[in-house]
Amino acid sequence: MRRVYLDHSATTPVDPEVAAIMMTYYTEKYGNPSSVHGFGREAKQALEQARNQVAELIGAASGEITFTSGGTEADNLAILGTAEALRKKGKHIITSCIEHHAVLETCEYLEKNGFDLTVIPVDEEGIISVDALRKAIRPDTILITIMHANNEVGSIQPISEIGKLAKEQGIVFHVDAVQSLGKIPVNVEELNVDLLTVSGHKIYGPKGVGALYVRKGLRIVPLVHGGGQEKKRRSGTENTPGIIGFGKACELAGQRMADDAEHQRKLRDKLINGILERIDFVKVNGPLGEKRLPNNVNVSIRYVEGESLLLSLDMLGIAASSGSACTSGSLDPSHVLLGMGLIHEIAHGSLRFSLGRQNTEEDIDYVLEQLPKIVERLRMMSPLYDQAIHSKQA
Ligand code: PLP
């Protein structure tokens, strides 16, 4: 059976070059980077090279990179670490309603523990209004945390503008760039950010490794205490092979980003247009064109359940997702789609296809051949679809 992987926003395969370099640091150069002997120094040197590679991709200095166990930990460190560092200055935090759970749940945890939280709405394309954000700012606002690009609908936020505003007001600005890294340019200076989260497994690197960019001079309180690694920001023996793989993945992402984006944008538009041509009662979620990540397709197909679509696609070897990977398994409709104003019924029939480096035109042709047949079969069981067709014809 043909297998087509279209869930790269959930995770990507590890690039063979990345896997090869990681293997060396598991089996041959396995020293602890804190050890003073040759094995340790060898690991330390590679660790610092990886730090440079990550820093270079986001326009930072290597000293501003703290390695973590992934995007979730980096988001927690940014938000909790800032709240703890600035709790005497103020207790107000601003975020948006389409953030990843790693941000939303962390902010809600703080809210339960004495902080005030304002959650900014988004428009029907999933984009935050800078004006609404400006109005939410209070004298005691200490942190604004907004994602660069949304993981479900691919909407790209006006980060540079928000950053400028935060800077003018002296508010710390954190950005979750897990989904934008490697797909569109991410530069901490151009974006005016103080803290920025990235993760390895979304850019053809390993799972369980990520980093937090912390602007030089900014103080955050650590979450993990111990041996004082990572300039005391994140204790624990470093995941050296993982970090080295992440560094290599960043280097490759920098080299391939323009070609990858062009290739995926072409496939994205072919898939969106193909679905719209072949299936009726379809809504594209998120913006079209430049405000959308090059690899994201998200559609709501009325009169079918997203979960049934997913299972039927899976039986034909096609991997997609409904809502975010972390919440699939739950039948709650996506908070992102609801935040964009979709009603429950439409949000339920939504599907996300996220493209990757290895996808081909043939992959898209296969989906466009199979999906309409699946939808037709599922809709045969829907009395609501029957009614809709009749009222359209009437
Ligand atoms: N932030 C966003 C926007 C994500 O999409 C994800 C993962 O899906 C994360 C954070 C969490 O990253 P990790 O899986 O590395 O913990």
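A polar contact is a pair of N or O atoms within 3.5 Å; within protein, one of the two must be able to donate a hydrogen and the other to accept it. The exercises below concern a predicted model.

**Exercise 1. Which side chain makes a polar contact with the side chain of E230, and is E230 buried or exposed?**

*Solution.*
Step 1. Locate the residue: E230 belongs to the loop between β8 and α7.
Step 2. Assess its accessibility. The relative accessible area of E230 is 9%, and buried means under 20%, so E230 counts as buried.
Step 3. Look for partners. The side chain of E230 is in polar contact with the side chain of R51, at 2.8 Å. In addition, a polar atom of the E230 side chain lies 2.7 Å from the backbone nitrogen of F67.

**Exercise 2. Describe the shell around the ligand and determine how much of the ligand the protein buries.**

*Solution.*
Step 1. Identify the surroundings. There are 13 residues around the ligand, and those that come nearest are G71, T72, D176, S199 and K202.
Step 2. Sort the shell by class: two residues are nonpolar, eight are polar and three are charged.
Step 3. Find the main contributor. Helix α3, residues 71–86, gives the most to this shell, namely three residues.
Step 4. Examine the polar atoms. The side chain of T72 has an N or O atom 2.6 Å from an oxygen atom of the ligand. For S199, an N or O atom of the side chain is 2.7 Å from a ligand oxygen. For K202, a polar side-chain atom lies 2.6 Å from an oxygen atom of the ligand.
Step 5. Turn to the area. The ligand taken alone exposes 400 Å², of which the protein buries 88%.

**Exercise 3. Compare the span of helix α1 with the expected value, and state where its buried residues lie.**

*Solution.*
Step 1. Helix α1 comprises twelve residues, 16–27. The expected span is 1.5 Å times one less than the number of residues, so α1 should span 16 Å.
Step 2. The end C-alpha atoms of α1 are 17 Å apart, which agrees with the expectation.
Step 3. The buried residues of α1 are V18, M22 and Y25. Because they cover an arc of only 55 degrees around the axis, they are on the same side of α1.
Step 4. A general rule bears on this spacing: an α-helix has 3.6 residues a turn, so residues three or four places apart point the same way.

**Exercise 4. Where do the buried residues of helix α6 lie, and which residues are exposed on the other side?**

*Solution.*
Step 1. Helix α6 covers residues 159–169, and its buried residues are I159, I162, G163, L165 and A166.
Step 2. Viewed down the axis of α6, these residues fall within an arc of 160 degrees, so they line one face of the helix.
Step 3. K164, K167 and E168 are exposed on the other side of α6.

**Exercise 5. Are Y204 and K231 buried or exposed, and what is the sign of phi in each?**

*Solution.*
Step 1. Recall the background: most residues other than glycine have a negative phi.
Step 2. Consider Y204, in the loop between β7 (195–199) and β8 (210–214). Its phi is positive, near 70 degrees. With a relative accessible area of 10%, Y204 is buried.
Step 3. Consider K231, in the loop between β8 and α7 (240–278). K231 is not a glycine, yet its phi is positive, about 50 degrees. Exposed means over 50%; at 62% relative accessibility, K231 therefore counts as exposed.

Methods:
Residues numbered from 1 in each chain as written. Predicted model: local features only at pLDDT ≥ 70, side-chain atom pairs only at ≥ 80, totals over all residues. Heavy atoms only, no water. Near = heavy atom within 4 Å. Areas by Shrake-Rupley, 256 points an atom, 1.4 Å probe, with all protein chains shown as cover. Helix = DSSP H or I, 4+ residues; strand = E, 2+ residues; numbered from the N terminus. Nonpolar A, V, L, I, M, F, W, Y, C, P; charged D, E, K, R; others polar. Buried < 20%, exposed > 50% of the residue type's maximum accessible area, 1.4 Å probe, protein only. Arc of directions from axis to C-beta.
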